[in-house]
Amino acid sequence: MDLFFQLTLAGLAIGSVYACVALAVVMIYQATDHFNFAQGEMAMFSTFIAFTFLTFGAPVWLAAVGAIALSFIAGLIIERVVIKPVENAPVLNQIIVFIGLLMILNNVAGWIWEFTIKPFPSLFPADWGFHSDLIGPHHIGVIGLTLIVLLAIYLFFRFTRVGLAMRAAAANPDSARLVGVSVSWMLALGWGLAAGVGAIGGILVAPIVYLDPNMMSGVLLYAFAGALLGGVSSPFGAAMGGLIIGVLENWVGQYVPGGSELKLTFALAIIVIVLLFKPAGIFGRVVVKRV
Amino acid sequence: MAFLEVKGLKAYYRQVEALHGISFELEEGGITTILGANGAGKTTTLRAICRMVRTEGEIRFDGKDLTGMATENVVRLGIAHIPEGRGTFVRQSVEENLQLGGYTRKNKREIAEDIERVYDYFPRLRERQKQQAGTLSGGEQQMLAIGRALMLRPRLMLLDEPSFGLAPLIIQEIYQIMRRIREAEGTSMLLVEQNANIALNLADHAYLLETGDVVMSGESHIIRDDENVRKSYLGY
Amino acid sequence: MTRPNRITPALLIGFLAAVGFAVILPHLVSNFTTYQLTLAMSWGVAMLGLNVLTGYNGQFSIGHSAFFAAGAYGAAIMIEHAGWGPYEAIAAAAGFSFIFGFLFGLPALRLEGLYLALATFGLAVATPQLLKFDAFEDWTGGVQGIFVPKPAPLLEGLSADQSLYYVALAIMVFLMVITWCILHSRSGRAMMAIRDNPIAARTMGINLPLVKTTTFGISAMFAGIGGALFTYSSEFVSPDAFNFFIAVYILVGSVIGGIVSIPGAIFGGLFVVFMPHVAEDVSNIYTFIPPPWAVFGVFLILVIYFVPFGIWGGIERLAAWTKRKMAG
């Protein structure tokens, strides 16, 4: 029974990482109707930035905050410079731009930092007076920090002027302009926030899977699966979906024969099944397309 | 120089020319109505002023040339556009819609006061403060749209078919409130309508558009009282 | 252009000249270059498959590495475990990947645009892990993969590389002609109708599910044949060789060559094989230039901004412009 709880809690921890990345993906999707296929590589790059700060002697938390702040700015810039030209282009063109971005980030990271794996320290000290057989300090920290981030994002969107403006810009860009909101900047801001949240995900997962340029491609797939499962029309649904996928992944890995080697296939299966049978996801809203 | 001056305005949707070089003006504090059938170009005219379509020609508001500006900056000059279909933020609450109307303003106290003023004009909205705007009736959404426009403390309001799809009693109510607003706030209004009768009762001046051209203009009481003009141009 | 080119005299002469040139080429260049050209054609065949699926039928795939792998492994397994010869094994690769593509095309029927892209992304990411799976190890060789000897020369006097080159060339030309024929048939028109307006296509009586799944199958089959040729060139298949970046390779080549075209596939194949070397040479001159793949990425983005119709599309436009200039 202990094993079950350990697995489940570990699943919640890795699921928290998926939740962060899923949240980032859905924030961009809600604002722009794009799936950011480069979200994983952006998060990976941010984590490497944190790593660089570490090699200059910065303490872990400072390195993390610095990396997150830089990621926010980078996300803003990427949206304005790289994505804006294809804002209204055919879907294929947009997908290709994301793939191009993915390639650039992956290979520049490999060029700067090499493809050898590196250890990355946890944000959470190993001895903060909390002991449990069921879950380690890093995992507890991951779950806790993710919940705080989710809460912060919720408060931001719900209670701030800019959060309201961003929601308005995503829901009805024309009307948003008519109340003086600069929709273009709201998009850029959305990308910045998504980049920051994604960075947090990367920094949280690196101590678990070790840091290398290919660290995030599997994570991104799980995050997509989680976002779809929870519902891409609902940021919190998507985050819940991420948590569920994390737990399911561990259960399947342990209790389904051969499951541990087919985790990615499992994610793919979830994606296909959700899209076929409940495209709005568990918590999402169905959008009817008019002919 | 008039408060709003439009000269030789052409507007395009892709390659199609929807307005063929129209001219009109509006005095400060006045209400002007643009009438015409479906497809005449009335909505296009309002969208042109707000820079939502490609245009040629001159548009001047209080002396300022609008043609190079982005929509959100035109709005900041004090022009509130209530679009066709109301443009409500359907998933946000009534209160949030009004807050969005005040987005460009900084003074929180004044914004709160203005929200109260809107509720004074439209008590029904106060009842439905926290309700999702999409669940309001057509008339209530129109009130909300006007309320949202008022939050800007606009100098000019552009109204696109406020009577559309509404029951006659509600239309009366709304038009009475618009009259009150003009009297209390001195807001100028450019009113686009298909319902000529009710528009002519409110407006000072009228322009009649037919497939992208102005075919007639004049003081509205003259147009309204001239039976021949009414019968041949306005159909009643 | 959204439709396949009509056969004008100019086009026919150009095509025959190109084929003729291709036939004598191995005798003009080194063995290594011949090997590279064969690789280019292997990619080209896969890219042609993607052009058919995305360019002419409007279904997205950023997961063609899966079908490429299906063909590569299909051929390798038949040679290794069933003792088939290399040329029969290509047929096996084709059959195997067609079925796989057709089956994937079934759920794909319900997925639009971005969501289909996402599902194929998942497929590509999951493929290496699937290939390493224990239960299949006896067939796939697990992590170690399978060693596949290069086929012996078909004719005396040719090197193994040259012989394989001619096989690839023959297959490439054959598939291009077949594609042209399909696109000019009723089925081809149905495919393009679906791309342009699926709802209208359905109301015209086109059997959407059948056309779409079959197109997926054909596209996968081309990718699989490309995979088999690739295997013979590189003499080795292993799971990690068929990761997501292979799908990116195929997409990049298709787009740069011109995704709504048949000849574009050749330009795409040549691009992905020879560009990295050019980029490396540039790198060696200036040590501060980033690695080839990052340059690819920048290139890809610039192409999609400024020349989304790719190299072949550019050639078509140039030809049309020249014709206009000459006419008056």
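This is a short tour of a predicted model, with stops in chain B and at two chain contacts.

**Stop 1: the sheet of chain B**

Start by selecting chain B and showing it as a cartoon. You will find an open sheet of four strands, in the order β2-β1-β4-β5, with antiparallel pairing. Now color the edges: β2(B), residues 16–26, and β5(B), residues 64–65, each pair on one side only.

**Stop 2: β1 and its partner β2**

Next, select residues 4–13 of chain B, which form strand β1. Strand β1(B) runs antiparallel to β2(B), and eight bridges link the pair. To see the register, show Leu4(B) and look across to β2(B), where Leu26(B) stands opposite. Then follow the hairpin that joins β1(B) and β2(B), which has two residues between the strands. Select Arg14(B) here: what is the sign of its phi? Arg14(B) takes a positive phi, near 50 degrees.

**Stop 3: β1 and its partner β4**

Keep β1(B) in view and add residues 54–61 of chain B, strand β4. This pairing is also antiparallel, and β1(B) and β4(B) share seven bridges. Two cross-strand neighbors are worth displaying as sticks. Glu5(B) faces Arg60(B) of β4(B), while Val6(B) stands opposite Ile59(B) in the β4(B) strand.

**Stop 4: the helix on the sheet**

Now select residues 42–49 of chain B to bring up helix α1. Which strands does this helix touch? Helix α1(B) packs on the sheet against β1, β2 and β4 of chain B. Turn the view until you can compare directions: the helix makes an angle of about 70 degrees with β2(B).

**Stop 5: where chain A meets chain B**

Zoom out and show chain A beside chain B. The contact takes 14 residues from chain A and 18 residues from chain B. On the chain A side, select α6 (161–171) and α7 (173–178), the elements that give two or more residues each. Helix α6(A) supplies the largest share, five residues. Color the chain A side by residue class and you will see seven nonpolar, four polar and three charged residues.

**Stop 6: where chain C meets chain A**

For the last stop, bring in chain C. Here 40 residues of chain C are in contact with 36 residues of chain A. On the chain C side, select α5 (113–131), α11 (244–257) and α13 (292–306), each of which gives two or more residues. Which of these elements gives the most? That is α5(C), with 13 residues. By residue class, the chain C side divides into 32 nonpolar, five polar and three charged residues.

Notes
Residues are numbered from 1 along each chain as its sequence is written. Chains are lettered from A and ligands numbered from 1 in the order in which they are written. This is a predicted model: local features need pLDDT of at least 70, side-chain atom pairs count only at pLDDT 80 or more; totals for chains, interfaces and linings use all residues. Two residues are in contact if their C-beta atoms, placed from the backbone, lie within 7 Å. Ala, Val, Leu, Ile, Met, Phe, Trp, Tyr, Cys and Pro count as nonpolar, Asp, Glu, Lys and Arg as charged, and the others, Gly among them, as polar. Two strands pair if DSSP finds at least two bridges between them. Axes are lines fitted to C-alpha atoms, for helices over the stretch in contact, and angles run from 0 to 180 degrees between N-to-C directions.
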